[in-house]
Amino acid sequence: MASASSANTILTPPLTSSSSSSPSNKSSHLSFLNSSTSNISLKLSHSHSLSRPRSQSLVVANILKIVESPELSFSESRDLEFVSSKSKPTILVSEKLGEAGLELLRSFGNVDCSYNLSPDELCSKISLCDAMIVRSGTKVTRQVFEAAKGRLKVVGRAGVGIDNVDLQAATEFGCLVVNAPTANTIAAAEHGIALLASMARNVAQADASMKSGKWQRNKYVGVSLVGKTLAVMGFGKVGSEVARRAKGLGIHVIAHDPYAPADRARAIGVDLVSFDQAISTADFISLHMPLTPTTSKIFNDETFAKVKKGVRIINVARGGVIDEDALVRALDSGLVAQAALDVFTEEPPPSDSKLVQHENVTVTPHLGASTKEAQEGVAVEIAEAVVGALRGELSATAVNAPMVPAEVLSELAPYVVLAEKLGRLGVQSVAGGSGIKSVKVVYRSARDPDNLDTRLVRAMITKGIIEPISNSFINLVNADFTAKQKGLRITEERVVVDSSPDYPFDSIQLQISNVESKFASALLENGNISIEGRVKDGIPHLTRVGSFSVDVSLEGNLILCCQVDQPGMIGRVGNILGEHNVNVSFMSVGRTVKRTKAIMAIGVDEEPDKDTLKKIGEVPAIEEFVFLEL
């Protein structure tokens, strides 16, 4: 007999540190002490011993990997107890930072402003530093963390992107990485609007023409903005601010974002639409999406073939989302009338770049955040984050994983893998432009609810849902905060079942409500997308899709087919995959009633091409199918 408890936990962001202590934790290290499912707290516990035992030298690499390393011990002459220590922490600032931020840092520690350091000079200096702040120019590599010898406690990136920081190495060496994601928002949005207007009226080209002694009024006739349609691709902080400003210019704004809540878009007066609808109807396309494996070169020859002829494109996001060679071809053919670009795949771009030199392209050297106000705002935001981290406080802008107890990690390791993959399957099952707003997680376990810590599992579900479609980095520190920030409400329910208490969970079920599904068979009677999994012999398995039972290992990628339950189906689909050199790792069929409908779940090592998937869809007995990346 199962009973439910602890339902409807509303997640809140961890903004403060706990003042309670843990009697079982006597060494000086970062520890998570509050086992509540709705709050994560961080504290420094103190003792006479300042070095951390090897058994506590545990970090999460990519959230989950357990690393044990003697280099992670604290120096006996240093602790995180900086506020009460006689010697202040040393903070290296390797690139120019606004004076307001520097003053805040100086009030807390010793600030070393050393600019233009070579990699060797940085490695030589870093062992004397407790924290460092960089912009985009300094490369914080694994060699830097190795040279720090465990002393470097926090790296602050004055800006949003952290491409120049080796997150894996930072995590392995116990170094927290924080960034400043909000201060640049308005500056980037304003620059996007500036490029939009200057491109429409050929301002840059006309200026260059006049300075060369020409007067070419007829050549530089522009286009009006009022009444045109702007597609904002990526409706996050910057994208939504661009939309607000564009509407003030009389532009009709639509947006595509697989995650953005529809109610937030409606509040601004923006319609969320599909990707193809956005690019095929817009007169202007403004890019504000992160650079992820999914979005890399998402604007390519195939995409440009679908756009409204004569469209104009603005990019103040990331250069890599555009295939630059394809854009040149689209400009030459007239599919794209003009482009205004602030970012490039290679920065700075080559001097002979055909894209930069194209007469219908307006370019700026990555000026999105380059206003005096934004620079000061970033300086203060990153200084506050670094000082807070040195004090042992949780940072809402942390982008890598904190230290967690070894026993929790070792027991939960396979379940957090399962949780992330369920999240990834869930977000890929959603169709349409409504975005995910409400997720329910049901944990079935034989354990008493008070002896079941779900924080890390919940964080990994959040990671699986958000990271594939966002530039956010999700971990135990920032999962709840990021979910709330993005309008994602996660509730949890615990169901006590009669199984072995030796394992933390019997199964984990994910339900997504108020969305359309790409795979209708994944819907329950209440209209929720439902997927469920469990761990078998240490391996995550998908065990239920909607009301259908399946059993397939969550390795590689997955094809789900809803079919008429009849003989020979496994062979037909298997032959199609084999003919196209796609290796099948697992295959499982589940059904509710004999000879009616069934779900075939197929694990594949490679991603099938479009022709292969098309042939699977053409099998008469297959009613629907979906390919899902794990």
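Helix 5 and helix 7 cross in the right-handed sense; a crossing is right-handed if the near helix is turned clockwise from the far one by less than a right angle, and left-handed if anticlockwise. Helix 5 covers residues 185–200 and helix 7 residues 237–248, and they pack at about 50° with axes 8 Å apart. Axes here are lines fitted to C-alpha atoms, for helices over the stretch in contact, with angles from 0 to 180 degrees between N-to-C directions. The pair is therefore oblique, the label left over once angles under 35 degrees count as roughly parallel, over 145 as roughly antiparallel and 65 to 115 as roughly perpendicular. Among the residues making the contact (heavy atoms within 4.5 Å) are Ile186 and Ile193 of helix 5 and Val238 and Val242 of helix 7. The contact residues split into seven nonpolar, one polar and four charged.

A word on the source: this is a predicted model, where local features need pLDDT of at least 70, side-chain atom pairs count only at pLDDT 80 or more, and totals for chains, interfaces and linings use all residues. Residues are numbered from 1 along each chain as its sequence is written, and side-chain values use heavy atoms, leaving out hydrogens and water.

As for confidence, mean pLDDT (the predictor's confidence in each residue, from 0 to 100) is 83, with 84% of residues at 70 or more. Over residues 1–86 pLDDT stays under 50. Where pLDDT is low, the predicted coordinates should not be read in detail.

Now the sheets. Strands (E, at least two residues) and helices (H or I, at least four) are DSSP runs numbered from the N terminus, and two strands pair if DSSP finds at least two bridges between them.

| Sheet order | Pairing | Average turn between neighbouring strands |
|---|---|---|
| 7-6-8-9-10 | parallel | 20° |
| 27-28-26-29 | antiparallel | 15°, direction ignored |

In the parallel sheet, strand 7 (110–113) and strand 10 (176–179) sit at the edges with a single partner each, so one side of each has no neighbour in the sheet. Strand 6 (residues 90–93) pairs with strand 7 over four bridges, and Leu92 stands opposite Asp112 in strand 7. Helix 1 (residues 99–106) packs on this sheet, its direction at about 140° to that of strand 7. Helix 2 (residues 119–126) packs there too, at about 170° to strand 6.

In the antiparallel sheet, seven bridges join strand 26 (residues 557–564) to strand 29, with Leu560 partnered by Val626. Helix 18 (residues 610–617) touches both strand 26 and strand 29.

Definitions and conventions: Nonpolar A, V, L, I, M, F, W, Y, C, P; charged D, E, K, R; others polar.
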